[in-house]
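Subject: Structure handover

Hello,

Please find the structure below, with the sequence alongside. My notes on what was found in it follow.

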Amino acid sequence: NTRQITLTGSASNISRLWLNGRPIFTDPQGNFAAAVILENGYTVTTLTAEDRYGRTTTITRPFMYAPMNFIN
């Protein structure tokens, strides 16, 4: 029931990281945090990491936002 969420995690052995197509950055230990604003209903997020050899890994997760007046 919260419109803004923060996605957090850690990554290792990567050279670049994107959340929904926009670059995000890690701290020296590989931790990251990025805010996401959820639309009414479903919002799908995509996290993509690339290593120094150009190999990518993608994780996609759906989120559901239902404001109180949207449910009634």
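T48 counts as buried, because its relative accessibility is 18% and the cut-off for buried is under 20%. The model is a predicted one, and that applies to everything that follows. T48 lies in strand β5. Its side chain is joined to the side chain of T58 by a polar contact of 3.4 Å. Leaving aside neighbours within four places in sequence, T48 is in contact with T58 and also with R16, L17, W18, T56 and T57.

Strand β5 also holds T43. T43 is buried too, with a relative accessible area of 11%. The side chain of T43 reaches a backbone atom, the nitrogen of E39, at 3.0 Å. Beyond four places in sequence, the residues in contact with T43 are L38, R61, P62 and F63.

The core

The largest nonpolar core has 12 residues in all: I5, L7, L17, L19, I24, F32, A34, V36, L38, L47, A49 and Y65. The elements that give two or more residues to this core are β1, β2 (16-19), β4 and β5. Which of them gives the most to this core? That is β4, with three residues.

V36 is one of the core residues and is found in strand β4. V36 counts as buried, because its relative accessibility is 6%. Not counting neighbours within four places in sequence, V36 is in contact with R3, Q4, I5, L7, L19 and T45. Of these contacts, I5, L7 and L19 are also listed in the core.

L19, another core residue, touches V36 as well as L7, I24, A34, T45, T46 and L47, again leaving out residues up to four places away in sequence.

A35 lies in the same strand as V36, β4, which covers residues 31-37. Is A35 buried or exposed? Neither word fits: at 38% relative accessibility, A35 counts as partly exposed, because that value falls between the 20% and 50% cut-offs. A35 is in contact with Q4, I5, T6 and R22, once its neighbours within four places in sequence are left aside. Q4 is 31 residues away from A35 in sequence, while the C-alpha atoms of the two are 6.7 Å apart in space.

The pocket

About 160 Å³ of space lies in the largest pocket. The residues that line this pocket are L7, T8, L19, I24, F32, T45, T46, L47, I59, R61 and F63. The elements giving two or more residues to the lining are β1 (4-10), β5 (41-50) and β6 (56-65). By class, the lining has seven nonpolar residues, three polar and one charged. Several lining residues also appear in the core, among them L7, L19 and L47.

The loops

Most residues other than glycine have a negative phi. Two asparagines in this model have a positive value instead.

N13 has a phi near 60° and lies in the loop between β1 and β2. N13 counts as exposed, because its relative accessibility is 73% and the cut-off for exposed is over 50%.

N20 has a phi near 55° and is found in the loop between β2 and β3. At 42% relative accessibility, N20 counts as partly exposed. N20 and V36 are 16 residues apart in sequence, with their C-alpha atoms 9.4 Å apart in space.

Where is G30 placed? G30 is in the loop between β3 (22-24) and β4. G30 is buried, with a relative accessible area of 6%. Not counting residues up to four places away in sequence, G30 touches G9, S10 and A11. T56 is 26 residues from G30 along the chain, and the C-alpha atoms of the two are separated by 16 Å.

Regards

Terms used: Residues numbered from 1 in each chain as written. Predicted model: local features only at pLDDT ≥ 70, side-chain atom pairs only at ≥ 80, totals over all residues. Heavy atoms only, no water. Helix = DSSP H or I, 4+ residues; strand = E, 2+ residues; numbered from the N terminus. Buried < 20%, exposed > 50% of the residue type's maximum accessible area, 1.4 Å probe, protein only. Contact = heavy atoms within 4.5 Å. 1 Å grid on protein atoms, 1.4 Å probe; cavity = no way out; pocket = protein on both sides within 12 Å on 5 of 7 lines; lining within 4 Å. Points joined across faces, edges and corners; volume = space filled by probe spheres on them. Nonpolar A, V, L, I, M, F, W, Y, C, P; charged D, E, K, R; others polar. Core = buried A, V, L, I, M, F, W, Y, C linked by side-chain atoms within 4.5 Å. Polar contact = N/O pair within 3.5 Å; in protein donor to acceptor, adjacent residues only side chain to side chain.
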